[in-house]
Amino acid sequence: MEKLVLFAVIASVCLRAEEVMPGPFGIGSCHVNNRSARDNERWMPQMEKIGLRYNRSAHTGWGEVEPEKGKWQWQALDEQLAYFSAHHFETGGMLIGNPKWNTLDARGNLPVNNLAGWSAYVTAVVGRAKGLIKLWEVWNEPPNFTGREQTPADYAKIVVAAYDAAKAADPECRVGLAAKSAHINYLEQVIKAGAKDHFDYITLHPYEVLDGIVDNAGTEAVYMNIVPALRKMLAVQNPAKAQVPVIFTELGCDVKKGADRQAHALIKAYTMGVAQGVSCIHWFEGRDGDSGPLGLLDGKGEARPAYHAMGRMIEHLGQRPDYLGWVLLNGKHYGFVFQGAKGTVLIAWAYRGMAEKVSFGEKVAMVNAVTGDKSDDLSSAPVFVLDVPAELLKQAKGNRAKPLPWGGDFSGAKEVSITMGEHAEEKGLHSRSGDAVAAAVLGYGGSARAGNVPGGNLFLVDPGFLSYAAVPIEISVVVRRNPANDNAGFKLVYESTNGFKTAGGWYTVPDNKEWHTVRWKIKDPQFVNYWGYNFSLVSDGNVYNKYYIQSVTVTKLDE
């Protein structure tokens, strides 16, 4: 009997020491697909069938469980939690809402004027779901869904109140700090405003960063830098939390971009998410709902290619794959190696979608990650290479701790630049357009890029050159009006320590007689790719963007 008691105590200690984090393959849903167990029945059985086991959140909003002050309604939540359990799903919860009866706070605002009511709600819902919900996310992608005038300090207040109440109700639960997109700047401000040490994990929704991958813009290094940039911020602002788990509680791709592209995006998002240390990605969403055509299933419940891609990933990688490292195939195509369910798996695709054959030095089994068909070359469609050759495996393990290269090592560079042409010469500075969609023009005897090319005025520096650190820089742009001498101009908007900010004022391109260089000295850059780029040339529409860009340079200045 004493041995059994001792064993139970040891097991209990081990359980408390282990992080209560899900595996990487998660799923989420919009409001209309998640109000009740009946809503879940419309799509969750199909998710269960392909091996999904982690749901972002049950329907736990304040107004749903306390529709009138002091009157609690638990039936819908209890039924939903029972449904998840019956279908082998773990679920998180979201602490969110400002019920109609709360007259102390305006609709659409964080309930900062009724923290007593907010804390009572958190206490009640966390206590009700104790043992069934272990992860509690505070709000949905703030500063979205907060009052227009509300600040990071307001969000910090409800985070602290939620953390204290949740831990008192269930000491074993975990509380998550949230932000929209990859808004690391906002998280920094929240921590500095009082949320320090009042969170156990962080959630992000990096849709915009994934867009560059969907568009084959070659921005894999930017996506791979989301977690490293976040950890740099935490190391400065909250060192005790520098290694907390990170969850992408929403991430997805609009099927309007193409059903196959949506499937490719899913494979790439999970591959590089696991590779950079994301604990879980909750794909948005399981079935089309009220947020557009984003589902693995369409509105009729029919499976899209992304549904099969998700199932194939889980089949080959297992519920908790072990990331081993990365390789460059043919010196430019990214490949990521994992210890999977039955052996090693290399997931790879062509850089910027440029199809190319690859020699692995020996015969390998290479299959299309979406269709499962045999594949002979690399393209924008990811492939699985099963039982990775020993030499590639050795290379991957050697690269594991190294940052993903993006045309070179710019960690020690003084400046980075991009010079336009038929193929842009990128030296640590890149545009979101890429060569595939940004046709070059010959302007005045030299190569240039039209300022109205989509994505051609959005710029990203290599993360190794500058990421998070607010070192002073100079940005210079060489421009000229078009041959028609149309009035043209722009303003420079950049990521700063206070979010996106305009540097100086409007710049009018003087004429088309010669190339003109315009420079901005910036003291407070904070490049974290919140919206998938670091700075842009903004012409406020399509009237004044008819200029040519010859080159752009970013130079570090002495502090």
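This is a short tour of a predicted model, with selections to make in the viewer and what each one shows.

**Strand β19 and its partners**

Start by selecting residues 458-461, which form strand β19. Show the side chains. Leu458 and Leu460 point one way from the strand, while Phe459 and Val461 point the other way. Are these four residues buried or exposed? All are buried.

Next, add residues 429-431, which make up strand β16. β16 pairs with β19 in the antiparallel sense, over 3 bridges. To find the register, select Leu429: this residue stands opposite Val461 in β19.

Now add residues 535-538, strand β24. Which sense does the pairing of β19 and β24 have? It is antiparallel, and it runs over 2 bridges. Here the residues to select are Phe459 and Phe535, since Phe459 stands opposite Phe535 in β24.

**From β24 to the surface**

Follow the chain on from β24 into the loop that leads to β25 (547-556), and stop at Tyr544, which lies in that loop. Tyr544 counts as partly exposed because its relative accessibility is 35%, a value between the 20% limit for buried and the 50% limit for exposed.

Keep Tyr544 selected and add Trp506 and Val543. Together the three make a nonpolar surface patch of about 300 Å².

**The largest pocket**

Move to another part of the chain and select His31, His59, Met94, Ile96 and Asn140. Of the 29 residues that line the largest pocket, these lie nearest its centre. The pocket has a volume of about 770 Å³. Which helix gives the most to its lining? Select residues 62-65: this is helix α4, which contributes 3 residues.

**The cavity**

The model has 1 cavity of 30 Å³ or more, and the volume of the largest cavity is about 30 Å³. To see what surrounds that space, select the residues that line it, in two groups. One group is Ile213, Asn216, Ala217, Gly218, Glu220 and Lys268. The other is Trp349, Ala350, Arg352 and Gly353.

**Last stop: Pro403**

Select Pro403, in the loop between α14 (390-399) and β14 (415-419). Why does Pro403 count as exposed? Its relative accessibility is 69%, and exposed means over 50%.

Finally, add Met47 and draw a distance between the two C-alpha atoms. Pro403 and Met47 are 356 residues apart along the chain, and their C-alpha atoms are separated by 34 Å.

Notes: Residues are numbered from 1 along each chain as its sequence is written. This is a predicted model: local features need pLDDT of at least 70, side-chain atom pairs count only at pLDDT 80 or more; totals for chains, interfaces and linings use all residues. Side-chain values use heavy atoms; hydrogens and water are left out. Patches are made of residues with over 30% relative accessible area and no salt bridge: like charges are joined within 9 Å, nonpolar side chains (Val, Leu, Ile, Met, Phe, Trp, Tyr) within 5 Å. Accessible areas come from the Shrake-Rupley method with a 1.4 Å probe; for residues, only the protein chains shown count as cover. A salt bridge is a side-chain nitrogen of Lys or Arg within 4 Å of a carboxyl oxygen of Asp or Glu. Buried means under 20% relative accessible area, exposed over 50%, partly exposed in between (1.4 Å probe, protein chains only). Two strands pair if DSSP finds at least two bridges between them. On a 1 Å grid over the protein atoms alone, a cavity is a set of points where a 1.4 Å probe fits but cannot get out, and a pocket is an open set with protein on both sides within 12 Å along at least five of seven lines; lining residues have an atom within 4 Å of a point. Grid points are joined across faces, edges and corners, and a volume is the space filled by probe spheres set on the points.
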